[in-house]
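Let's take a walk through a protein model together. Keep the picture handy and turn it around as you read.

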Amino acid sequence: YVIIGACVLIMTLAFVFTQQVDARATPQPEKIPADSVKASSLSTSWICPISGSAASADSILLSNPDFDRSANVQVVSYDPAGNVTGKTELKIEPSATKEIGLGVLGSNDASSILVDSFSGSIVVFRSMTLIDGVELLPCINNFGSQAVFPNLETIRNSNSIIVLANPYDEAVVVDVVGTLTDTSINPPISVLDEIRGVIIPAHGRVNLDLQSEFGRYGLVSVAVNSRSGFFGAEAF
């Protein structure tokens, strides 16, 4: 009985001690900390369909979250036809961020920017001057064959422009379907309209002015579907 009792006591103490160590080693925070650089947002390739304006001192910010490895990065600016307007290569040290002014790249408000990292994933943001001030906006790393934009509007004093950018060496053809809802009547009435065969040049960019294409509506939902290849898209 003495031996059995000693074994039970040892196992009990070991269990209690293990639980206390685990509790101290993995404390649960009271709330999840805000972090703009999530693991899912890392990528080796990024495109900024809307780069900003050099005249407004807008810039591209490149961040390397790796604690040990540097990132060798190439940044290229393209005009809407896909011609190179500027190019630079740089190394971003571990846990560092570098800023590149659009003037250095020869970019303007019609340019798109492609960022490729050859040694590790990075995060790319834009510092852009908008109507309500300077904002920090992420570029796009999830190129795909479809993009959907709900809840846009093209009323008299407001408009939406969709910017399509092609990060690849071959042209991409897309079809655009708009669900147009007239919210000025009760009940609202929706109709469909489409733009077929829009060509995005290799490394180029296309602007779709929805008011010019579809007319004035209080609610516009747009789906862009590729016939071949991937693209990046933003609504402005």
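We'll begin with the whole chain, then look at its strands, and finish with a few individual residues.

First, a word on what you're looking at: this is a predicted model. The predictor's confidence, called pLDDT, averages 83 over the protein chain, and 83% of the residues score at least 70. Not every stretch does that well, though. Over residues 4-8, pLDDT stays under 50, and the model has zero contacts beyond four places in sequence for that stretch. Residues 12-40 also stay under 50, with seven contacts beyond four places in sequence. Take the drawing of those two stretches with a pinch of salt.

Now for the overall make-up. The protein chain contains three helices and 15 strands. Of its 236 residues, 38% are buried. How much of the contact network comes from residues 24 or more positions apart? Counting contacts with a separation of 6 or more, such residues account for 76%.

With that many strands around, it helps to know how they team up. Strands of a sheet pair through backbone hydrogen bonds, and they can do it in parallel or antiparallel fashion. Try finding the open sheet of four strands, whose order is 1-6-3-4 and whose pairing is antiparallel. Which strands stand at the edges? They are strand 1 (45-48) and strand 4 (84-92), and because each has a single partner strand, one side of each is left without a neighbour in the sheet. From one strand to the next, the twist averages 15°. Inside this sheet, strand 3 (residues 71-78) and strand 6 (residues 112-117) run antiparallel and are joined by six bridges. If you'd like to spot one of the matches, look for V76, whose bridge partner in strand 6 is L114.

Next, hop over to another pair of strands. Strand 7 (residues 123-130) and strand 8 (residues 133-138) pair in the antiparallel sense, over six bridges. A hairpin of two residues takes the chain from strand 7 to strand 8. Here you can look for S127, which has L136 in strand 8 as its bridge partner. Strand 7 is also home to V123, and V123 counts as buried because its relative accessibility is 2%. This residue shows how the chain brings together parts that are far apart in sequence: V123 and S41 are 82 residues apart along the chain, yet their C-alpha atoms are separated by 7.0 Å.

Let's move on to T181, which sits in strand 11 (residues 172-182). Is T181 buried or exposed? With 9% relative accessibility, T181 counts as buried, since buried means under 20%. Who is around it? Leaving aside neighbours within four places in sequence, T181 is in contact with P188, I189, S190, Y217, G218 and L219. With S190 there is also a polar contact, side chain to side chain, at 2.7 Å.

Time for some rings. A pair of aromatic rings is described by how far apart the centres are and by the angle of the planes. The structure holds one aromatic pair, made by F143 and Y168. Their centres are 6.0 Å apart, and with 90° between the planes the pair is edge-to-face. The two partners come from distant parts of the chain, 25 residues apart: F143 is in the loop between strand 8 and strand 9 (146-152), while Y168 is in the loop between strand 10 (161-165) and strand 11. F143 is buried, with a relative accessible area of 16%, whereas Y168, at 37%, is partly exposed.

Finally, a few backbone oddities. Most residues other than glycine have a negative phi, and most peptide bonds are trans. Where does the model go against that? The peptide bond from N186 to P187 is cis, with omega near 0°, and P187 lies in the loop between strand 11 and strand 12 (189-200). S95 isn't a glycine, but it has a positive phi of about 55°. You'll find S95 in the loop between strand 4 and strand 5 (96-101), where it is partly exposed at 46% relative accessible area. H203 has a positive phi too, near 60°, and belongs to the loop between strand 12 and strand 13 (205-209). H203 counts as buried, at 13% relative accessibility.

Key
Residues numbered from 1 in each chain as written. Predicted model: local features only at pLDDT ≥ 70, side-chain atom pairs only at ≥ 80, totals over all residues. Heavy atoms only, no water. Buried < 20%, exposed > 50% of the residue type's maximum accessible area, 1.4 Å probe, protein only. Polar contact = N/O pair within 3.5 Å; in protein donor to acceptor, adjacent residues only side chain to side chain. Contact = heavy atoms within 4.5 Å. pLDDT = per-residue confidence, 0-100. Pairing = 2+ DSSP bridges. Axes fitted to C-alpha atoms, helices over the stretch in contact; angles between N-to-C directions. Phe/Tyr/Trp six-rings, centres within 6.5 Å; stacked < 30°, edge-to-face > 60°.
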